[in-house]
2 protein chains.
Amino acid sequence: MNASRPFKTPTLADVARVAGVSPITASRALANPGLVSAKTIARVREAVEATGYIPNMLAGGLKSTRSMTVACLVPAISVAQFLPTVQSLTDALAAAGYQLVLGQTGYDHAREDALIDTMVARRPDGIVVAGLVHSAAARQKLHRLGIPLVETWDLTEQPVDMLVGFSHQQVGAAVAGFFTRKGWKRVGIATGDDHRASLRRQGFTGAWGREVPVAVGPAPSNMALGRQALSRLIEQEPRLQAVYCSSDQLAQGVVTEALSRGLRVPQDLAVCGFGDAAFASQMEPSLTTVQVDGAAIGERAAALIIGRCKGEDVGESVTDVGFRIVERASTG
Amino acid sequence: MNASRPFKTPTLADVARVAGVSPITASRALANPGLVSAKTIARVREAVEATGYIPNMLAGGLKSTRSMTVACLVPAISVAQFLPTVQSLTDALAAAGYQLVLGQTGYDHAREDALIDTMVARRPDGIVVAGLVHSAAARQKLHRLGIPLVETWDLTEQPVDMLVGFSHQQVGAAVAGFFTRKGWKRVGIATGDDHRASLRRQGFTGAWGREVPVAVGPAPSNMALGRQALSRLIEQEPRLQAVYCSSDQLAQGVVTEALSRGLRVPQDLAVCGFGDAAFASQMEPSLTTVQVDGAAIGERAAALIIGRCKGEDVGESVTDVGFRIVERASTG
DNA sequence: CTGTTAGCGCATTCAC
DNA sequence: GTGAATGCGCTAACAG
């Protein structure tokens, strides 16, 4: 029985009345205690307790034009790759008093546009995008708005504002170089069809120097798609020696399918993933993969936005967090 | 160069001026087109384009006392179990114009309390919690506030408000019954130390009738903890026949550790997980597990909150979404 | 250190 | 169908 619903929730004015001070003093006692005497602070605190006051940040934000929220756009929350970034971003922002507002674009540019509009309507103090902002219209709108914006998990010459990421082409090229040094000749690619995975694939084939068999599945990729991908690659190249996968989930599927076909990993087939998921080091055989510090991306993005909100000049910052290949048993 | 930053973002008053109507007419043209003539609507729409107007929902919400946001509290976003729920919740809410504000409690009751306070300060139109609200103080506060609240992924006689979940004791008991019917005598449990996993463990041992070896690891559990858990269980009971795991990640670790010790699954050791993650059906052997429809939980939670916001009387609804054991190869 | 004044941008209420 | 007045709850800017 929510019997107390009809009672208006107390406002700062109520607190001020009970404490015997003006509303602005009550406001300062709570938000800016340095400007108020200790005695007054105590009285206001008591009044808060007595009235059961809960601040209304919406009203505060209207006047101060600071909503203390940051919007975060991801293709889908279930994309494991971004989870450490979202987690560290949420925590770092929360520590500074900001809340994360989450939106899912579903890998859909039109939906991304619409989502940005609804997000901006909430006047976030910053926006973090997993990936780059795709549509030209949205890029222009965001640029004009001047809301601190961090694009992540990618690299471009022309970020809308700030960027924390790395080059996917370089990742692909690095894996191709690694495969070359291993002396493998007949290699294939299992990949999702999203933008960043495609960049890695381009980087790989570019460095490899000639076309290789490719099995493409819909993003977000998973283990089942990995199993299918290996089947298709083997159809194209029965004597396949190594596969580069656009995610560890895909790689896990490839390894499982290989083992269940009686292929030994890595002796008969080597496998390399991307992401260094928690399970990669625990698989049997353990998975060689490309490690990216997703948590660091989230922390850096949070720091950039918080800095901007404080008025610090962080410039048109572009941070390349890099990556590294973690060699494990699946590549011998 | 965010050169346009100094220019104030246009308000509804600017739109009205350009359109040659009063602010309230402009407001109605956008929010309530039925009350305005088609001609006026067209003029206002043009003015919106011309000015680059973006509505300010903070200001609107202040007057209408509807923020069009819903707060969502999870222990950690990286807990895979809740991902389908968060995803479907976000989508269902977005379809109705609501945005999700995300908070992480970190399995910490004090932090949960603080988080609820900051969330409530943003005046969400609803709150969805992964799990139950733990602290008595928070329960009471939320009850008094009267904000539509949905607790999920659990069951209790005394929900704060609404609830969409299932009984973890029943899950544990069902798995114990399944193990009994299989005729296994020497069984063990690998479990995380969080509240819901503990309930499942209690349900299991209660139905089993006597204590069994247990390996407890810190939540959130993962594959590495699963491998360790099996090692510890085998120390306690070298002739172990079956293991019940509190998550599929844990189960995957147990299976991997078993195989790498030369044990055959399921002939030498049977394994059952919880959650029916995407990889469960794709593992080799495929994993028997407990399936819960996490997406349905999110959809139902969204529907309940949206219904309440519309003033529909959904009552003190408690929905038991149930669960089912999916038998696969890992239990023979 | 504290108070007064004046809005932030919009939607509710009542008029016409 | 449209408009004027008013205030949601809070804080910036200026006084004292």
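Biologist: Before we get to β2(A), when do two strands count as a pair?

Modeller: Strands pair if DSSP finds at least two bridges between them. Helices (H or I, at least four residues) and strands (E, at least two) are themselves DSSP runs, numbered from the N terminus.

Biologist: OK, so in which sense do β2(A) and β2 of chain B pair?

Modeller: Antiparallel, over three bridges, with strand β2 of chain B being residues 99-104. V101(A) has V101(B) as its bridge partner in β2(B).

Biologist: What should I know about the model itself?

Modeller: This is a predicted model: local features need pLDDT of at least 70, side-chain atom pairs count only at pLDDT 80 or more, and totals for chains, interfaces and linings use all residues. Residues are numbered from 1 along each chain as its sequence is written, while chains are lettered from A and ligands numbered from 1 in the order in which they are written.

Biologist: How many residues of chain A are in contact with chain B?

Modeller: 49 of chain A, against 49 residues of chain B, where contact has C-beta atoms, placed from the backbone, within 7 Å. Elements giving two or more residues to chain A's side include α5 (83-95), α6 (109-121) and α10 (223-236). By class, that side has 22 nonpolar, 20 polar and seven charged residues. Ala, Val, Leu, Ile, Met, Phe, Trp, Tyr, Cys and Pro count as nonpolar, Asp, Glu, Lys and Arg as charged, and the others, Gly among them, as polar.

Biologist: Switching to DNA. Which residues are closest to strand D?

Modeller: T11(A), L12(A), S27(A), G60(A) and T25(B), out of 25 that surround DNA strand D; near there has the C-beta atom, placed from the backbone, within 6 Å. α4(A) provides the largest share of that surface, five residues.

Biologist: And which come nearest to strand C?

Modeller: T25(A), T11(B), L12(B), S27(B) and G60(B), of the 25 residues around DNA strand C. There α4(B) gives the most, with five residues. The surface near strand C has 13 nonpolar, nine polar and three charged residues.

Biologist: Last one: at what angle do α2(A) and α3 of chain A cross?

Modeller: Roughly 95°, with the axes coming within 9 Å. That makes α2(A) roughly perpendicular to α3(A), a label for angles of 65 to 115 degrees. Axes are lines fitted to C-alpha atoms, for helices over the stretch in contact, and angles run from 0 to 180 degrees between N-to-C directions.

Biologist: Which residues of α2(A) meet α3(A)?

Modeller: T25(A), A26(A), A29(A) and L30(A), which meet T40(A), I41(A) and V44(A). That contact divides into five nonpolar, two polar and no charged residues.

Notes
Contact = placed C-beta atoms within 7 Å. Parallel < 35°, antiparallel > 145°, perpendicular 65-115°, else oblique.
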